[in-house]
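Subject: Structure for your review

Dear colleague,

I am handing over the structure below for your review. My findings follow it, arranged by region.

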Amino acid sequence: MNSIQHFQAIKELLGDSRTYYLIAVDMDSKYSYLNMHYTEVFNPIHADLVGKHYAITVHEDDQQICQVVSEKAFMYRESAFPATLRKHDGNGGFIITKWEYKAMFNDHDLPIGIFCVGHDITEFMQVSGKLQEIKISHSHSIRRYVANLLGLGKLIQEATDLKDVQDTAKMIVQSVTNLDKVVREVNR
């Protein structure tokens, strides 16, 4: 199956998708095909995109990614190459998208464009960022109590008086109680 046949098969499969984007870009870097989902999301922002340069939808800093990934796709035509791109959302922000690029060649083995399958990962990226913040926050809390326990253990090792050991034991119990609260919050 050649690359055009691959694209046609994927078009039949994803042309009406409500989850995945499917686009094709010609050798002039202009959109030549958009599936229904891509059209519904991006045409209201940019008007009809067919015939327009792909860069109209892409964050300026991500256009170099498109160039590099496209070059790889033409160089290694049997493979698909991933790219994560920010697309303008029409409100001053961005939709974060994940793509697979594949080069297309005609029957004479000449390059005719790129087709890409992608999807919106904005929510996933937002949740990942929040989870990372939580992880960092809890990690600091846990390490604080572990450091307290280590320090208290050293105090017990050096203690010469039973009263010192008892006072340190009370502090250990409090640190363990606080550490247990943090661990329970993490596991919620």
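Just after helix α2, Ala47 takes a positive phi of about 70°. Please note that the model is a predicted one. Ala47 belongs to the loop between α2 (36-46) and α3 (63-75), and its positive phi occurs in a residue other than glycine. With a relative accessibility of 43%, Ala47 counts as partly exposed.

A second residue of this kind is Ser29, whose phi is near 65°, again a positive value in a residue other than glycine. Ser29 sits in the loop between β1 (21-26) and β2 (31-34). Its relative accessible area is 24%, so Ser29 is partly exposed.

Helix α2 and its surroundings

Which residues of α2 are buried? They are His37, Tyr38, Phe42, Asn43 and His46. These buried residues of α2 pack against four strands, namely β1, β2, β3 and β4.

His37 may be taken as an example from this group. It lies in helix α2, and its relative accessibility of 13% falls under the 20% limit, so His37 counts as buried. Leaving aside neighbours within four places in sequence, His37 is in contact with Ser17, Arg18, Thr19, Tyr20 and Tyr21.

Arg18, one of those contacts of His37, also takes part in a salt bridge with another residue of α2, Glu40. The closest N and O atoms of Glu40 and Arg18 are 2.5 Å apart. This pair links distant parts of the chain: Glu40 is in helix α2, whereas Arg18 is in the loop between α1 (3-14) and β1, with their positions 22 residues apart in sequence. Glu40 is partly exposed, having a relative accessible area of 40%, while Arg18, at 55% relative accessibility, counts as exposed.

Salt bridges

Side chains of opposite charge can pair when their charged atoms come close. How many salt bridges does the model contain? The count comes to four, and the pair of Glu40 and Arg18 is one of them.

Another salt bridge joins Arg77 and Asp109, with the closest N and O atoms 2.3 Å apart. Arg77 lies in the loop between α3 and β3 (81-88), and Asp109 lies in the loop between β4 (94-105) and β5 (111-120), so this pair ties together parts of the chain that are 32 residues apart in sequence. Arg77 counts as partly exposed at 30% relative accessibility; Asp109 is also partly exposed, with a relative accessible area of 45%.

A further salt bridge is formed by the side chains of Lys163 and Asp167, at 3.1 Å from N to O. Here both residues lie in helix α5, four residues apart, which is about one turn of the helix. Lys163, at 47% relative accessibility, counts as partly exposed, and Asp167 is partly exposed as well, with a relative accessible area of 29%.

The packing of α4 and α5

Two packed helices are described by the angle between their axes and the distance between the axes. Helix α4 (residues 122-158) and helix α5 (residues 162-186) pack at an angle of about 160°, and their axes are 9 Å apart. Angles over 145 degrees count as roughly antiparallel, and α4 and α5 are therefore roughly antiparallel to each other. The crossing in which α4 passes α5 is left-handed.

On the side of α4, the contact is made by His138, Ser141, Ile142, Tyr145, Asn148, Leu149, Leu152, Leu155 and Ile156. On the side of α5, it is made by Thr168, Met171, Ile172, Ser175, Val176, Asn178, Leu179, Val182, Glu185 and Val186. By class, the contact of α4 with α5 comprises twelve nonpolar, six polar and one charged residues.

Is Thr168 buried or exposed? Thr168, which is found in helix α5, has a relative accessible area of 5% and is therefore buried. Not counting residues up to four places away in sequence, Thr168 touches Leu152, Leu155 and Ile156. These three residues are among those that α4 brings to its contact with α5.

Yours sincerely

Methods:
Residues are numbered from 1 along each chain as its sequence is written. This is a predicted model: local features need pLDDT of at least 70, side-chain atom pairs count only at pLDDT 80 or more; totals for chains, interfaces and linings use all residues. Side-chain values use heavy atoms; hydrogens and water are left out. Axes are lines fitted to C-alpha atoms, for helices over the stretch in contact, and angles run from 0 to 180 degrees between N-to-C directions. Helices (H or I, at least four residues) and strands (E, at least two) are DSSP runs, numbered from the N terminus. Angles under 35 degrees count as roughly parallel, over 145 as roughly antiparallel, 65 to 115 as roughly perpendicular and the rest as oblique. A crossing is left-handed if the near helix is turned anticlockwise from the far one by less than a right angle, and right-handed if clockwise. Contact means heavy atoms within 4.5 Å. Ala, Val, Leu, Ile, Met, Phe, Trp, Tyr, Cys and Pro count as nonpolar, Asp, Glu, Lys and Arg as charged, and the others, Gly among them, as polar. Buried means under 20% relative accessible area, exposed over 50%, partly exposed in between (1.4 Å probe, protein chains only).
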